[in-house]
Amino acid sequence: MKTIKKQFVESLNSYTYSGINKKLNEFNMNYSLSNYMKHSSLLFITLGLLCYSTTKSLRITLLITLLYLVAIPFVVYQKKRQLFKINLITSIFIYTQSILMYLREDKTVVDILRECEESNNNFLRRDLKEVNQYILKTTDVLTGLESLENKYTYSIVINAHIILKHKLIDGIVNQNLIDYLYTNIENYEIAFNEYINKRRSNNYLFYLILGLNAFGVYSLTNFITLQSNNQNSVMQAVLTLYYILNLITIIIYENWCTNTLVLE
């Protein structure tokens, strides 16, 4: 029981402000204290006013506002994870397209990996630098390529590496295969960018709907209060449940957006 309780507390602590920043370090990102204070203040004022104007209860308002404030780091973490994934996948496109472009120029595999390190951004450069240093030290190109494949298990990386390995072992490349794979990656990149644009539009729509729902609840509550001149405990309970369910919906939605953002 103590172990379960400890794990639960550690899990909660990992999604506090300090916990989120530790997790974001893995992505070379951070969540500044000024942004956290700005988001918290804005949410505290807007949600506090909305909640109190509908529930007419300071206790419920503080409870709901506190729950939303606690959830801010988690939502920010999911947003930044999504951004990291998008940037990483974009880097994968750049990396594989660069390999094929340099293969067309008939460069050696070692030169290709070095050129890719110089042309790529920070999302892959560190790993490519480690691979190039390993190859320089051991001359084992195949192991270096496999280490990248183990970390980035994407089909387009594996396919591009297959052509690199053929060139390394046989000294020749199939230009038709290069053209075919390059076209496939371009089409994949176009489809991915379209998907991201649709996801952003859907994200704006999702939060717009939540805002309209909140406005509708506010208007309906005021209307009922004016008609009955009474704010009973049942209505307060329903409104409290409404705010809690909205928060759960946001958490599930952001987590789903992050987990479904994948590259095969």
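This is a guided tour of a predicted model, one selection at a time.

**Stop 1: the largest pocket**

Start with the largest pocket, whose volume is about 870 Å³. Its lining takes in 26 residues. Select L43, T46, Y68, Y207 and I250, which lie nearest the centre of the pocket. Now colour by helix. Helix 3 (33-55), helix 4 (58-104), helix 9 (175-228) and helix 10 (233-259) each supply at least two lining residues. Which helix gives the most to this lining? Helix 3 does, with 8 residues. Recolour by class, and the lining of the largest pocket splits into 19 nonpolar, 5 polar and 2 charged residues.

**Stop 2: the aromatic cluster**

Keep Y207 selected and add Y253. The structure holds 12 aromatic pairs. In the pair of Y207 and Y253, the ring centres are 6.4 Å apart and the planes stand at 85°, so the arrangement is edge-to-face. The pair links distant parts of the chain, since Y207 sits in helix 9 and Y253 in helix 10, 46 residues apart.

Are the two rings' residues buried or exposed? Y207 is partly exposed, at a relative accessible area of 30%. Y253 is buried, at 13%. The cut-off for buried is under 20%, so Y253 falls inside it.

Extend the selection to F206 and W256. Ring pairs link F206, Y207, Y253 and W256 into a cluster.

**Stop 3: a charge over a ring**

Select R104 and Y182. R104 lies over the face of Y182, at 4.5 Å from the ring centre.

**Stop 4: helix 5**

Move to helix 5, residues 109-119. Show V109, I112, L113, C116 and E117, the buried residues of this helix. Turn the view to look down the axis. Why do these residues line one face of helix 5? They fall within an arc of 135°, so they share that face. The spacing follows a general rule. An α-helix has 3.6 residues a turn, so residues three or four places apart point the same way.

**Stop 5: helix 7**

Next, select helix 7, residues 141-151. Its buried residues are V141, G144, L145, L148 and E149. Look down the axis again. These residues cover an arc of only 140°, which puts them on the same side of helix 7. Leave L148 displayed for the next stop.

**Stop 6: the cavity**

How many cavities of 30 Å³ or more are there? The count is 1. The largest cavity holds about 40 Å³ of space. L148 is one of its lining residues. Add the others: I92, Y95, L124, Y152 and V157. By class, the lining of this cavity has 6 nonpolar residues, no polar and no charged.

**Stop 7: two positive phi values**

End in the loops, with backbone torsions switched on. Most residues other than glycine have a negative phi. Two residues to inspect here are N28 and K56, each with a positive phi.

Select N28, in the loop between helix 2 (17-24) and helix 3. Phi of N28 is near 60°. N28 is exposed, with a relative accessible area of 60%.

Then step along to K56, in the loop between helix 3 and helix 4. Phi of K56 is about 55°, although K56 is not a glycine. Is K56 exposed or partly exposed? At 40% relative accessibility, K56 counts as partly exposed.

How values were computed:
Residues numbered from 1 in each chain as written. Predicted model: local features only at pLDDT ≥ 70, side-chain atom pairs only at ≥ 80, totals over all residues. Heavy atoms only, no water. Buried < 20%, exposed > 50% of the residue type's maximum accessible area, 1.4 Å probe, protein only. Helix = DSSP H or I, 4+ residues; strand = E, 2+ residues; numbered from the N terminus. Arc of directions from axis to C-beta. 1 Å grid on protein atoms, 1.4 Å probe; cavity = no way out; pocket = protein on both sides within 12 Å on 5 of 7 lines; lining within 4 Å. Points joined across faces, edges and corners; volume = space filled by probe spheres on them. Nonpolar A, V, L, I, M, F, W, Y, C, P; charged D, E, K, R; others polar. Phe/Tyr/Trp six-rings, centres within 6.5 Å; stacked < 30°, edge-to-face > 60°. Lys NZ or Arg CZ within 6 Å of the ring centre and 35° of its normal.
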